[in-house]
Structure formats: structure tokens, C-alpha cells
Amino acid sequence: MTAAVNASTEVADTDLAELRRDVRAFLADELERGTFEPSCDSWMTGCDPEFSRRVAERGWLGMTMPTEYGGHGRSPLERFVVTEEMLAAGAPVAAHWIADRQMAPSIRNNGTEVQKRRYLPGIAAGTMFIAIGMSEPDSGSDLASIRTRAVDLGDRWRISGTKVWTTQAHHSHAMVVLARTDGQAGDRQQGLSQFIVDLPHSDIEIRPIRSIDGDAHFNEVIFHDAEISADALLGQRGAGWAQVMGELAYERSGPERYLSTIPLLRAWADELRRSGATESQRTTLGQLAARAWALRQMSWSVAGELAAGRKPDVLAAMVKDLGSSFEGDLVEAIRASSGTIARRGGGDRFATLLAGGVLNSPAFTLRGGTNEILRGIVARGLGIR
Ligand SMILES: Cc1cc2nc3c(=O)[nH]c(=O)nc-3n(C[C@H](O)[C@H](O)[C@H](O)COP(=O)(O)OP(=O)(O)OC[C@H]3O[C@@H](n4cnc5c(N)ncnc54)[C@H](O)[C@@H]3O)c2cc1C
């Protein structure tokens, strides 16, 4: 990034550099005050609503939203700078992550004026957290086979069904749910609609699912004939599939798809600086840093495409495939090369970070679309049938 002005967004590189300095200073101050410990996968597992509110006070949530809805009217590249610094620091951003990343643009693009005024200012203020209710027990990669049903009762909808892996639903104020409103399961993508459902709700049960690390970051969410008002419909009835695909572009394209374990790389580099590195460790460190940098350039290109108003679906799928493979490779390479035993809670920062990386690794290539599915998208994008 040597040009004075980034052509796709008209944001001067000097402004981006200044923003980056501000975010780093904020994070250094938070670290000094001991408000968080850097962790791997902090955008999924590091939930701290107070931290989110402090980020919002700086104007770093709802950055790309219009000011009339509480946003800041800034460029996607400025948002990219903030998110990559937060991730690289392992900061606890999970509370606001999904709402800020994809629900804000989705509500802005598809919502009614009432919905925009109701949800968007809270997202920008770090007080409105929103979960995604797409996957079901028998519908993950094959999302079009969902069975959750919403029945039109005139002045309200009645929703029945079960969602699963619903990240942070237990901390969320609302959940965007994909449900069948029309037709039968065999109609696949036709007849699906989205709803914004406020939480908690007396007929919606949120059951925590414990991960291998013993913590509960996601949930099973059961709709027991839950009634919601007619105006909870998001966008057009029957257009749910197209709307969800639009959200996935935001979900898959960000720097979180290769930076989840970068705090571990940084901590290892610190360790080696302190204790000295063998030739082989230096080589491993260099190889990981080179891959991270290449991915960073690719991810930045995706952000540039989005900033220019294009839909880089194939590029985003490719970067997510390469990025999420890298996240796991990084953990394994450092585990093997460092000889450290991964251990949580023993007071050793590096061993704790390593444990976080090891325990969260199985999820990297699944969430947001598995790598096999992403490769299918890339193949089709290249015209391979
Ligand atoms: C940490 C985490 C957080 C998540 N958070 C959310 C959330 O907040 N909201 C939400 O709705 N969902 C969430 N998910 C669910 C996620 O989107 C699904 O796990 C994912 O889409 C895969 O679906 P599945 O688990 O049912 O696996 P399946 O679809 O059953 O896939 C099993 C295996 O079969 C392979 N496979 C399936 N179909 C094909 C095919 N056509 N070609 C080749 N291989 C194939 C897959 O690649 C995979 O390896 C989360 C998942 C994880 C791990």
C-alpha cells in the first residue's frame, strides 16, 4: 500500500495509518490496564460486552453505516484496519462481531425503516448483539434443506423448529432466523424468508453447547411455536435465500478468516526473541510470517473489491479456504517446533495461547462454510463442472 490514495475508496493511506495508530494505542492501553488477555479465536470466544461498548465509544462499530442510523459513514477499508488490529491483538470482540460484520449491512440493505431505526443505532453503540440462526441439526452445508417453519397468522408469525451452532445467542438481544414460509422442503431455495427475532422470548429455548474447551460459545435454539409480530419479517417474503447469500459475502471475506491464531504467532516470536531461536525455529517462523503476509494481501484485495461495490464471492471463498487452513497449520507448526505443552490456566501465557489454538482448531475449516464447500464455489467460479 504505497499509493497516496486508495483509488477504490478515496481513503488516503496516511488516514489509514493514523487510524491504525489510534487502534493500536487503544489496545495497548486496554492491555496495560489488564482489561483482557490476548487469546486465539477471540472473535468467536472472547465475549466482553463492556469492551465492545468501549470500542463503540471510539466510533469503531457501525463504521460503514450511514450516520442517520448511528453509524460513521466510513469506508470498508477503514473498518478492515480496525478489525485486523483487534484480531491481531486477540481482543475480546465476540459480543459485537456478528452484528457489526453482517447483520448491520443486512438490515441496512433489506430492513424496513422501522427495523433500521430499531436495530442499527444499537449495533453502532455496542449495545445490540445479534446471532445468526441458519444451521439446523440436519442442515449445515445443505442449508436449503432447513425445516424450521414460520406460519403466517396475519398479524403475527408462529415459528417452530430447531437451530444449532448459534454462536453467542445466549448473549444476544436478537437473532436473524432463516425459516420456510412457503412451499415444502423439496422446494429448496424457494419459499425461505428471514426474521429478526428479539431475545429473550418465552417460547424460545437457548441451550448451551459445550465445546472441547469446556466453554459454551454456541447453542442449540429451539422455537416452541414461538409467536413474533408481523413486522419481524426481514426483507421480502420468499427472498430469504438471496438475502442469506448476500450476508455470506460479508461473513466469509474478513480478516478473521486467517487471523484467528495470529496472537499465538506473535507470542511465539516474543518467546524466541527472549530465549533464542534454533535455525529450524527461525525457518518455521519465517514461513508462517510469509504465509500470513500473502493472505493479508489477498484479504485486503477482497476488502477493496467490497469497497468498490463489487461481489468478490469466488475470491472470498478462495481466501477463506487458504486462510482457515493456515490458522490450523500455524498452531500445529508452533506446537511441533516450540516443544511447549499446551496448557490452560497454568499462568504461562504462551502455553495458554497454544492451548486455545489447539482446542479451537477443529472449527476453523467448518464455520462459515466448510473448505470442501468453498472449493466447490471456487471450482464453479472457474467454470469447472
Ligand atoms: C465454531 C462454529 C460456529 C458456528 N456458528 C454458527 C452460527 O452462529 N450460526 C449458524 O447458523 N451456523 C453456525 N455454524 C454452523 C456452520 O455453518 C456449519 O457447521 C457448516 O455450515 C457445516 O455444516 P455441518 O456442521 O452440518 O456439516 P455437514 O454439512 O454435515 O458437513 C460434514 C462434512 O461433509 C462435507 N460435505 C458436506 N456437503 C458436501 C459437498 N456437497 N461436497 C463435499 N463435501 C461436503 C463437509 O465439508 C464436512 O466436511 C457454526 C459452526 C462452527 C464450527
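These legends walk through several close-up views of a predicted model.

**View 1. Strand β3 sits beside strand β6.**
Let's start with a short strand, β3, which covers residues 130-133. Its side chains take turns: I130 and I132 point one way, while A131 and G133 point the other way. Whichever way they point, all of these residues are buried. The neighbour here is strand β6, residues 174-180, and β3 and β6 run parallel, joined by 4 bridges. To find your place in the pair, look for I130, which stands opposite A174 in β6.

**View 2. Strands β8 and β9 form a hairpin.**
Now for a pair that runs antiparallel: strand β8 (residues 204-210) and strand β9 (residues 216-229), with 7 bridges joining them. One pairing to look for is I204, whose bridge partner in β9 is F223. Between the two strands of this hairpin are 5 residues. In the hairpin you'll also meet G214, which takes a positive phi near 90°.

**View 3. Three spots in the backbone are worth a closer look.**
A bit of background helps here: most residues other than glycine have a negative phi, and most peptide bonds are trans. With that in mind, check out the bond between L199 and P200, which is a cis peptide bond with omega of about -5°. P200 has its place in the loop between β7 (192-198) and β8. Next is R188, a residue other than glycine with a positive phi, near 55°. You'll find R188 in the loop between β6 and β7. R188 has 30% relative accessibility, so it counts as partly exposed. The third spot is D225, again a residue other than glycine with a positive phi, this one near 50°. D225 is found in strand β9, and with a relative accessible area of 43% D225 is partly exposed.

**View 4. E247 is a buried residue in helix α7.**
Is E247 buried or exposed? The cut-off for buried is under 20% relative accessible area, and E247 has 3% relative accessibility, so it counts as buried. E247 lies in helix α7, which spans residues 240-253. Leaving out residues up to four places away in sequence, E247 touches Q102, M103, S106 and Q194. Take S106 as an example: E247 and S106 are 141 residues apart along the chain, yet their C-alpha atoms are separated by 6.3 Å.

**View 5. Helices α10 and α11 pack against each other.**
Here's a handy way to read the helix views: two packed helices are described by the angle between their axes and the distance between the axes. Helix α10 (residues 279-307) packs with α11 at an angle of about 160°, and their axes are 10 Å apart. Angles over 145 degrees count as roughly antiparallel, so that is the label for α10 and α11. The crossing of α10 and α11 is left-handed. Sorted by class, the residues of this contact are 14 nonpolar, 8 polar and 3 charged.

**View 6. Helix α12 packs with α11 at an oblique angle.**
Helix α11 covers residues 313-338 and helix α12 covers residues 349-364. Their axes are 10 Å apart, and the packing angle is about 140°. That angle is why α11 and α12 are oblique to each other. The crossing of α11 and α12 is left-handed. Who meets whom? From α11 come K320, S324, E327, G328, V331, I334, R335 and S338, and they meet F350, L354, G357, V358, S361 and F364 in α12. By class, this contact has 6 nonpolar, 5 polar and 3 charged residues.

**View 7. Helix α9 also packs with α11.**
The axes of α9 (residues 262-275) and α11 come within 9 Å and cross at roughly 25°. That makes α9 roughly parallel to α11. The crossing of α9 and α11 is left-handed. Which residues of α9 meet α11? They are I262, L264, L265 and W268, and on the α11 side you'll see F326, L330, V331, I334, S337 and S338. The class count for this contact is 8 nonpolar, 2 polar and no charged residues.

Key. Residues numbered from 1 in each chain as written. Predicted model: local features only at pLDDT ≥ 70, side-chain atom pairs only at ≥ 80, totals over all residues. Heavy atoms only, no water. Buried < 20%, exposed > 50% of the residue type's maximum accessible area, 1.4 Å probe, protein only. Pairing = 2+ DSSP bridges. Axes fitted to C-alpha atoms, helices over the stretch in contact; angles between N-to-C directions. Parallel < 35°, antiparallel > 145°, perpendicular 65-115°, else oblique. Left-handed = near helix turned anticlockwise from the far one by under 90°. Contact = heavy atoms within 4.5 Å. Nonpolar A, V, L, I, M, F, W, Y, C, P; charged D, E, K, R; others polar.
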